[in-house]
Amino acid sequence: MGKSITEKIFEKHLADGKMNTGEEIGLKIDHTLTQDSTGTMAYLEFEAIGISQVKTQLSLSFVDHNMLQNDFRNADDHRYLQSVAAKYGIVFSRPGNGICHQLYLERFAQPGLTLLGSDSHTPTAGGMGMIAIGAGGLDVAAAMAGEPFYLEMPNVYGINLTGKLSPFVSAKDVILEVLRKITVKGGVNKVLEYFGPGVKTLSVPERGTITNMGTETGATTSIFPSDEATRQFLASQGRENQWSELKADENTQYSEVLDIDLAKVEPLLAMPHSPDNVKPISELEGIPVDQVCIGSCTNSSLRDLKIVSALLKGRKVHENLSLTVSAGSRQAMENLAVTGELEPLIQSGARILENSCGPCIGIGQAPTTGAVSLRTFNRNFKGRSGTQDAKVYLVSPETAVAAALTGKITDPRKLGVFPEIAMPEKFILSDAMFIPATVDPNAKVIMGPNIAPLPQFQPTPAQLNGEVLLKVGDNITTDDILPGGTDIMSLRSNIPEISKYIFCRIDANFYQRATQKHGGFIVGAENYGQGSSREHAALAPKYIGVKAVIAKSFARIHMANLINFGILPLTFAAKQDYDNIDQGDMLELETNQLAENLTLKNKTKNTEIKVNLNLSNQEKEQIKAGGKLSVIKAKQK
């Protein structure tokens with residue numbers, strides 16, 4: 001049987017275990033990346049491990065999330081990150097340089113390597129033929145310390161692309177079609193591997209759009225072959241010498257195959273409030289639109305901005321809405337400016353934002369009350385935009401422009417003739433905003449007053465007792481657990497303070513109740529913890545005493561984060577038992593033996609519920625020790 005691209009890279013990087021589906025394996029990590037929202041905590045954890053420099057081939061620290069400097073807190077975090085980079089051998093990308101995933105794809109991604117990033121959209125680099133996986137900051141800190149990254153060996157799910165996209169249909173519509181087919185939990189413990197004759201019709205930035213948003217299926221990662229299109233992209237970046245061909249064997253057998261004829265894909269959008277709530281544009285035309293935002297790590301490449309510029313040329317933004325455009329990198333903005341393609345954006349009335357995540361993570365550009373906002377982003381969870389009752393739709397750049405011009409949801413194919421754009425054979429390159437890696441043992445790490453010491457946790461006791469502090473439903477996101485936005489994200493380096501906002505948009509009294517009760521349990525349903533990699537959604541609950549989460553199923557990254565901080569991720573042996581626990585019930589769990597099958601006692605109802613703890617021996621040791629950091633630090637002694 002032939003090997004998939006995934007299997008070839010996994011095999012080359014296998015550090016521990018056997019590549020049998022469902023078994024735990026450890027992968028050697030070549031590159032790591034962090035961004036400022038998750039990076040501050042990741043580097044506090046790395047410092048706590050106690051080694052003198054990173055042990056990866058390349059580690060990068062990007063500042064792209066918490067860009068507003070309303071007070072000292074974000075600025076202090078940026079200074080801390082730069083000082084850590086100078087001490088431990090990390091490349092530092094300064095504020096304003098651009099979004100980590102776009103920058104990494106342009107300047108550092110290389111076929112056949114592994115990347116671990118403290119951001120869930122790290123799989124963007126899969127468009128370059130990499131195994132690129134999002135994880136919590138502690139996992140990334142461990143990888144920087146030379147530890148393998150452990151995960152369940154995933155199934156390799158093949159997506160067979162045939163045909164070629166029609167005018168005004170783009171890569172964003174392809175991944176929306178995938179989400180429509182397999183949903184936000186259909187990719188859990190799978191790698192989505194693209195193959196087939198349609199692959200060669202897609203450029204690397206288009207592939208990056210698809211692998212970026214593959215995260216929303218719950219997939220471990222997504223990957224494309226490395227082929228002639230990959231070589232051309234690397235050549236345009238002055239990195240052709242880093243190219244190598246990478247493809248699946250002809251007789252590869254995938255666990256499942258999804259066939260997509262690109263020629264039959266039509267303009268799509270994801271309706272509020274989930275990326276898999278996908279409908280054809282044709283079914284929703286005419287809905288008035290209040291705001292359009294173009295950008296994010298999904299759709300901010302030079303290719304996307306060139307299309308937007310060409311479609312806006314000689315036209316004006318509709319008077320009833322606001323259009324924002326944010327380039328994914330300084331490189332993309334500079335190339336757009338030099339060719340004169342920035343001018344049509346400015347003349348159309350678009351608002352040009354900084355090269356950053358911005359509105360995608362709830363930093364600025366909150367819509368008006370009850371607004372309809374069309375965004376080329378990857379998530380449309382309720383409240384993520386900063387306006388709780390806003391209705392956010394996810395669309396392609398082409399569909400975004402159509403709405404911006406007409407003031408309503410409009411099929412972009414009605415805009416006329418699709419413009420021809422020319423991508424440069426050689427990009428204008430400027431790496432001035434990168435500070436090269438140095439290792440200086442004498443460098444001073446600068447910590448501002450908002451950066452609190454890393455919390456220390458005790459080993460898990462032999463018995464867990466407590467109240468059910470909160471019971472929630474399906475698809476609870478990390479935004480629900482610990483929201484983003486300007487007020488809360490500036491506290492990412494201060495666990496005591498940020499903990500006050502846990503579940504604040506679901507239950508405003510949660511923090512007060514949890515602290516009064518000295519912690520307890522949380523009950524969830526399907527796909528608990530979907531969304532971003534923010535480990536704060538596990539670390540902050542641990543800080544206030546959450547002992548276990550009992551759910552029908554978990555999202556991959558959040559489950560790993562719970563284990564990393566010593567919170568038991570329990571699943572109902574019989575899913576109907578979810579109905580037999582209520583908020584306020586008192587629970588008891590014996591943890592002397594962390595067996596796969598445990599009995600949870602509901603002392604309020606005088607009943608017993610069977611729960612599963614599906615952990616490897618290594619994960620059990622982490623739970624017993626009170627978290628992964630304790631285990632890693634012990635190894636360094």
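In which sense do S18 and strand S19 (residues 391–394) pair, and over how many bridges? S18 and S19 pair in the parallel sense over four bridges, where strands are DSSP runs of E of at least two residues, numbered from the N terminus, and two strands pair if DSSP finds at least two bridges between them. This is a predicted model, in which local features need pLDDT of at least 70 and side-chain atom pairs count only at pLDDT 80 or more, while totals for chains, interfaces and linings use all residues. Residues are numbered from 1 along each chain as its sequence is written, and side-chain values use heavy atoms, with hydrogens and water left out.

**View 1. Strand S18 and its partners.** Ser-373 of S18 stands opposite Val-392 in S19. Strand S15 (residues 291–294) also runs parallel to S18, joined to it by three bridges, and Val-292 has Leu-374 as its bridge partner in S18.

**View 2. The two faces of S18.** From strand S18 (residues 372–375), Val-372 and Leu-374 point one way, whereas Ser-373 and Arg-375 point the other way, and all are buried (under 20% relative accessible area, with a 1.4 Å probe and protein chains only). In a regular strand the side chains alternate between the two faces of the sheet.

**View 3. The surroundings of Thr-438.** Thr-438 lies in the loop between strand S20 (434–435) and strand S21 (463–471), and it counts as partly exposed because its relative accessibility is 40%, between the limits of 20% and 50%. Not counting residues up to four places away in sequence, Thr-438 touches Ala-85, Ala-86, Lys-87, Tyr-88, Gly-89 and Ile-90, contact meaning heavy atoms within 4.5 Å. The Thr-438 side chain reaches the backbone oxygen of Ala-86 at 2.9 Å.

Key
Polar contact = N/O pair within 3.5 Å; in protein donor to acceptor, adjacent residues only side chain to side chain.
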